[in-house]
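Me: Could you walk me through this one? I have not looked at it before, so plain answers would help.

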Amino acid sequence: MQPTTVLFDIGNVFVEWDPRFLYQKLIDDDDELNYFLQEVVTLDWHSEHDRGRSFADGVKTLSARFPEHEDLIQAFDARWNETLGPVIGGSVDILLELMERGVRVYGLTNFSMEKWPDFCRSHDFTDHFEGVVVSGEEGLIKPDPRIYHTAISRFHLDPEATIYVDDRRENVLAAEQLDMIGHQFTAPGVLRDVLEHHGLL
């Protein structure tokens, strides 16, 4: 079946994201930095913000566990924009080309509902999606199949005619389990080759 739609992840597909971008400014020692990111401000902890927990609650709960790091934990909320890196220009170019060719383009992102509006205001490429499912608004995070079903239903997608693009392998596999065509993003050039192979570019 000829694909007609591309469903995109956002973080590390269109914009680099890594808490290390922020904390390497605040923690000079590499060993301390690695410990902090592996044991204190972890991805598992942050995933609960993507699921809908408020940053205020997340910071309060974690600071109670690690009071010696309270200031650093609070920085994750107050300076969250500094966890963002550069826009991946080649991916934005692909998005615009797909639109020009009449391909339907949507987003499915693990993202805090608190941070999403500011992110959109500062990243105007988000205006080009026909719609975006944001995990924090749904109370579900990838790779839970229910959030993919939300996108399929809301955007009236035909899974077999939809290419799903994400940097995380487990999220790609979850999409493939629902009959989407999965692509694990590594670089815009590789993505372009895949989309050309499927006749979308």
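Reply: We can take the sheet, then the helices, and then a few single residues.

Reply: This is a predicted model, in which local features need pLDDT of at least 70 and side-chain atom pairs count only at pLDDT 80 or more, while totals for chains, interfaces and linings use all residues. Residues are numbered from 1 along each chain as its sequence is written, and side-chain values use heavy atoms, with hydrogens and water left out.

Me: OK, the sheet then: what order do the strands have?
Reply: The sheet is open, has five strands in the order 5-4-1-6-7, and is paired in parallel. Strands here are DSSP runs of E with at least two residues, helices are runs of H or I with at least four, and both are numbered from the N terminus; two strands pair if DSSP finds at least two bridges between them.

Me: And which strands stand at the edges?
Reply: Those are strand 5 and strand 7 (181-184), each of which has a single partner strand, so one side of each is left without a neighbour in the sheet. On average, and ignoring direction, neighbouring strands of this sheet are turned by 20° against each other, where axes are lines fitted to C-alpha atoms, for helices over the stretch in contact, and angles run from 0 to 180 degrees between N-to-C directions.

Me: How many bridges join strand 4 to strand 1?
Reply: Four bridges join strand 1 (residues 5-8) to strand 4, and the two run parallel. Within that pairing, Val 6 stands opposite Val 105, and Leu 7 stands opposite Tyr 106.

Me: What about strand 4 and strand 5, how many bridges there?
Reply: Strand 4 is joined to strand 5 (residues 132-134) by three bridges, again with the strands running parallel, and Gly 107 has Val 132 in strand 5 as its bridge partner.

Me: Is strand 4 mostly covered or mostly uncovered?
Reply: Strand 4 (residues 104-109) is mostly covered, with five of its six residues buried, where buried means under 20% relative accessible area, exposed over 50% and partly exposed in between, using a 1.4 Å probe and protein chains only.

Me: Which residues is Thr 109 in contact with?
Reply: Thr 109 has its place in strand 4, and at 1% relative accessibility it counts as buried. Leaving aside neighbours within four places in sequence, Thr 109 is in contact with residues including Asp 9, Trp 116, Val 133 and Lys 142, contact meaning heavy atoms within 4.5 Å.

Me: Switching to helices, how do helix 3 and helix 4 pack?
Reply: Helix 3 (residues 43-50) and helix 4 (residues 55-65) pack at an angle of about 150°, and their axes are 9 Å apart. They are therefore roughly antiparallel to each other, since angles over 145 degrees count as roughly antiparallel, under 35 as roughly parallel, 65 to 115 as roughly perpendicular and the rest as oblique.

Me: Which residues meet there?
Reply: From helix 3 there are Trp 45, His 46 and His 49, which meet Phe 55, Gly 58, Val 59 and Leu 62 in helix 4. The residues of this contact divide into four nonpolar, three polar and no charged; Ala, Val, Leu, Ile, Met, Phe, Trp, Tyr, Cys and Pro count as nonpolar, Asp, Glu, Lys and Arg as charged, and the others, Gly among them, as polar.

Me: At what angle do helix 4 and helix 5 cross?
Reply: Helix 4 and helix 5 (residues 70-78) cross at roughly 165°, and their axes come within 9 Å, which makes helix 4 roughly antiparallel to helix 5. By class, their contact has five nonpolar, two polar and two charged residues.

Me: Where does Leu 95 lie, and what is it in contact with?
Reply: Leu 95 lies in helix 6 (residues 89-100) and counts as buried at 0% relative accessibility. Its contacts, leaving aside neighbours within four places in sequence, include Phe 8, Phe 14, Val 105 and Phe 125. Leu 95 and Phe 125 are 30 residues apart along the chain, and their C-alpha atoms are separated by 8.4 Å.

Me: Last topic, the backbone: which peptide bond is cis?
Reply: The peptide bond from Lys 142 to Pro 143 is cis, with omega near 10°, and Pro 143 is found in the loop between helix 8 (135-138) and helix 9 (145-155).

Me: What is phi of Asn 12?
Reply: Phi of Asn 12 is near 65°, a positive value in a residue other than glycine. Asn 12 is found in the loop between strand 1 and strand 2 (15-17), and at 26% relative accessibility it counts as partly exposed.
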